[in-house]
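Here are a few exercises to work through with the structure open beside you. Try each task before reading its solution.

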Protein chains: 2
Amino acid sequence: MVGVSRSAVSFAFNSPERLSVATRDRIFAAAKELGYSPNTLARMLQAGQTQSLGVLLPQNLAKIMENPYYARFLTGVGQVCDEQGFTLLLTPPLRDSMLKAIPYAAVDGFVVCGLEHDRGEVAELQRRGIPFVLVDSSPWADVPSVDVDDESGAREVTRHILELGHRRMALLSIDPGPERAERGYRGPLARRMAGVADALSQVGMDLKDINLVEVPATRMDGYRAAKALMATAEAAPTAIIALSDILAFGAVDALHDLGLRVPEDVSVTGFDDLPESAWLRPRLTSVRQAIAAKGRTAADFLISAIRGEDQHPHQLLGTSLIVRDSSARVPAAQSTGLPNA
Amino acid sequence: MVGVSRSAVSFAFNSPERLSVATRDRIFAAAKELGYSPNTLARMLQAGQTQSLGVLLPQNLAKIMENPYYARFLTGVGQVCDEQGFTLLLTPPLRDSMLKAIPYAAVDGFVVCGLEHDRGEVAELQRRGIPFVLVDSSPWADVPSVDVDDESGAREVTRHILELGHRRMALLSIDPGPERAERGYRGPLARRMAGVADALSQVGMDLKDINLVEVPATRMDGYRAAKALMATAEAAPTAIIALSDILAFGAVDALHDLGLRVPEDVSVTGFDDLPESAWLRPRLTSVRQAIAAKGRTAADFLISAIRGEDQHPHQLLGTSLIVRDSSARVPAAQSTGLPNA
DNA sequence: ACCCATTATTAACATGTGTTAGCAACGTAC
DNA sequence: GTACGTTGCTAACACATGTTAATAATGGGT
């Protein structure tokens, strides 16, 4: 229409100084008339970059967005995206497969949530040469990762409950999914279990001595599980150690509904220390991990990897016990006649 | 390497039945050896679709993810993505411009949050022929949109507070941003203000008669604003109507910290009815809007538009007042000597 | 008038795919 | 032995860009 080559059009948009003003204006005029603008995908294809970070998620989007943990984590990732001008692509499993989702994501790299280094997804990313960072996995030599010292956090909170005199306890844990049968606990959950077990062993107890319940990490599941736990009348626990704050939220609600007071009748502790933990009444005793910092660090590592800078960085983030109002001494009436009391 | 054409390779991956088993196996073997797999971007370019929905956001990613409102909204959008096998691309402003962000998003369509039909972004999307749906805008003929009947919600909650005898009230509102100066209130905020004004007029009052404070919609801003409001000793309000739940959360906290009881000393109401509203103590009186359903509907409309089906659907979602524990009769001591009491 | 330098513009290539029309080869029926 | 349908594969095109090296045009100096 203007009578110039495609290259001239490209110059008009990308390096206008290389064209005479007259030609440039003619091109822009024509572009406006035709409604033309450079195609996003073609541009990305040619440039070999998308200006977008992917987050490879282990669950459906609906479940992820419902989970305040991820809201916090993605806040951290989002901070880095904001700074660097990246968009954020959330990539849930496709037909229940994280592996199948990979080829449908137009991203420069992935933050991979909750996968161990030996998973097929990791091999696939390596094969494709897509940069990635593992989060909540287990440190492994040639793979960048960001992890949390869950074990010491779990040890600390368990010890805290034990020091308050509790012995009849329930461990409200996260469902490890089907993979557990073959491989046992892994990653953060394995570390948390180990921490609990370690603290127990120091008073001569064992994971067998406490009531272990495993449910999906939602508020509702925490609610139901707590109700079920308290129903077993004679063996009802005096403390519930939840391995996730949302489970603890649900448990506190359930106890309220049962007419039980927290912490006077039953102590409840969480894990993660979500912002909400300090909003609720009673304020929740929980293990703090720097969730947003975890997201930030992972995204920073990923950006480095995309730029081809740093090679295989690892980061282990600490935890700390935040004692608030939901944990207290075991009730006097219940503290007698129990093992190790 | 195999000695076949590129087309054959394409067939091997996409319609294997059109190739003889021998050739196909040879191709796969070579692909494995070379680490080849079809390029995502090229595939999208040729197919003309990305299997990805975009959400065009008015704020930085970090701010968005911190906001429980968006968590809920994106849960709804996410549900549809899950069902339809789409990924979700979060597109924050690029260098403070939503317009600039558009060409960097590889998506099949946009859910556009909080923009009016006359904004440049909307024109740009139309020009590019990218399907989109406006959310929290104002209904407009040729543009698909999903809106909420904020006005009646605001009217109801204001009337509720008035019926409880309050007259000295503060309206804790959301900062409308710089655009307000030129164009006045728009969209949901305009409707909410109108609803409040309408309810006030029914008792002979006016927006001028109440204390209007406008702050960014964060918990911390709500906290600070509430503290400032109560500081003006003789004119301190007996009720705070917040136009957003997070602002109300912050306000409740501030009142606690000031040693004031909610609702005995001061009533507080929210807007949105986030899930958290029912978790907090006191449980928050709030205007419920179906946030997740809003996201679902928007995404459904968008998918229709992408498929080229339905043309310009509109949806107006209702609101309802949820009265809980944070609102009560005006304290006896304060109910005398006030205008219209 | 001629050479050179500078600037404006373009042809050709590279990024990787999916699709369509068509060409060989091959077997089968008559 | 020839006409015909089937199978297996390929050449050419389309999707749209950005980049580089080469070419055309222009003006100025001698």
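Two strands count as paired if DSSP finds at least two bridges between them. Keep in mind that this is a predicted model.

**Exercise 1. Find the bridge partners of B:Leu172 in S8(B) and in S7(B).**

Step 1: Begin with strand S6 of chain B, residues 169-174. Strand S8 (residues 239-242) of chain B runs parallel to S6(B), and 4 bridges join the two. Within S8(B), B:Leu172 has B:Ala242 as its bridge partner.

Step 2: Turn to strand S7 (residues 211-215) of chain B, which is also parallel to S6(B) and joined to it by 5 bridges. In S7(B), B:Val213 stands opposite B:Leu172.

Step 3: Check the surroundings. Buried means under 20% relative accessible area. In S6(B), 5 of the 6 residues are buried, so the strand is largely enclosed by the rest of the structure.

**Exercise 2. Trace the order of the 12 strands in the open sheet, and say which strands stand at the edges.**

Step 1: Read across the sheet: S11(A)-S5(A)-S4(A)-S3(A)-S1(A)-S2(A)-S2(B)-S1(B)-S3(B)-S4(B)-S5(B)-S11(B), with mixed pairing.

Step 2: Look at the edges. Strand S11 (314-317) of chain A and strand S11 (314-317) of chain B each have a single partner strand, so one side of each is left without a neighbour in the sheet. From one strand to the next, the twist averages 20°.

Step 3: Zoom in on chain A. Strand S5 (residues 145-148) pairs with S11(A) in the parallel sense over 4 bridges, and A:Asp147 stands opposite A:Leu316.

Step 4: Add a helix. H7 (residues 120-128) of chain A lies across strands S3 (109-113) and S4 (132-135) of chain A, at about 165° to S4(A).

**Exercise 3. Describe the protein surface near DNA strand C: which helix gives the largest share, and which side chains make polar contacts?**

Step 1: Survey the residues. DNA strand C is surrounded by 27 residues, the closest being A:Thr23, B:Tyr36, B:Pro38, B:Asn39 and B:Gln46. By class, this surface has 10 nonpolar, 12 polar and 5 charged residues.

Step 2: Assign the helices. H1 (6-14) and H3 (40-47) of both chain A and chain B each supply at least two residues, and the largest share, 5 residues, comes from H1(B).

Step 3: Take the DNA side. Sugar or phosphate accounts for 62% of the strand C atoms within 4 Å of the protein, and bases for the rest.

Step 4: Pick out polar contacts. To a phosphate oxygen, the side chain of B:Ser10 has an N or O atom at 2.9 Å, and B:Arg43 a polar side-chain atom at 3.5 Å. A polar side-chain atom of B:Ser7 lies 3.5 Å from a base oxygen.

Definitions and conventions:
Residues are numbered from 1 along each chain as its sequence is written. Chains are lettered from A and ligands numbered from 1 in the order in which they are written. This is a predicted model: local features need pLDDT of at least 70, side-chain atom pairs count only at pLDDT 80 or more; totals for chains, interfaces and linings use all residues. Side-chain values use heavy atoms; hydrogens and water are left out. Axes are lines fitted to C-alpha atoms, for helices over the stretch in contact, and angles run from 0 to 180 degrees between N-to-C directions. Contact means heavy atoms within 4.5 Å. Buried means under 20% relative accessible area, exposed over 50%, partly exposed in between (1.4 Å probe, protein chains only). A residue is near a molecule or strand if one of its heavy atoms lies within 4 Å of it. A polar contact is a pair of N or O atoms within 3.5 Å; within protein, one must be able to donate a hydrogen and the other to accept it, and residues adjacent in sequence count only if both atoms are side-chain atoms. Ala, Val, Leu, Ile, Met, Phe, Trp, Tyr, Cys and Pro count as nonpolar, Asp, Glu, Lys and Arg as charged, and the others, Gly among them, as polar.
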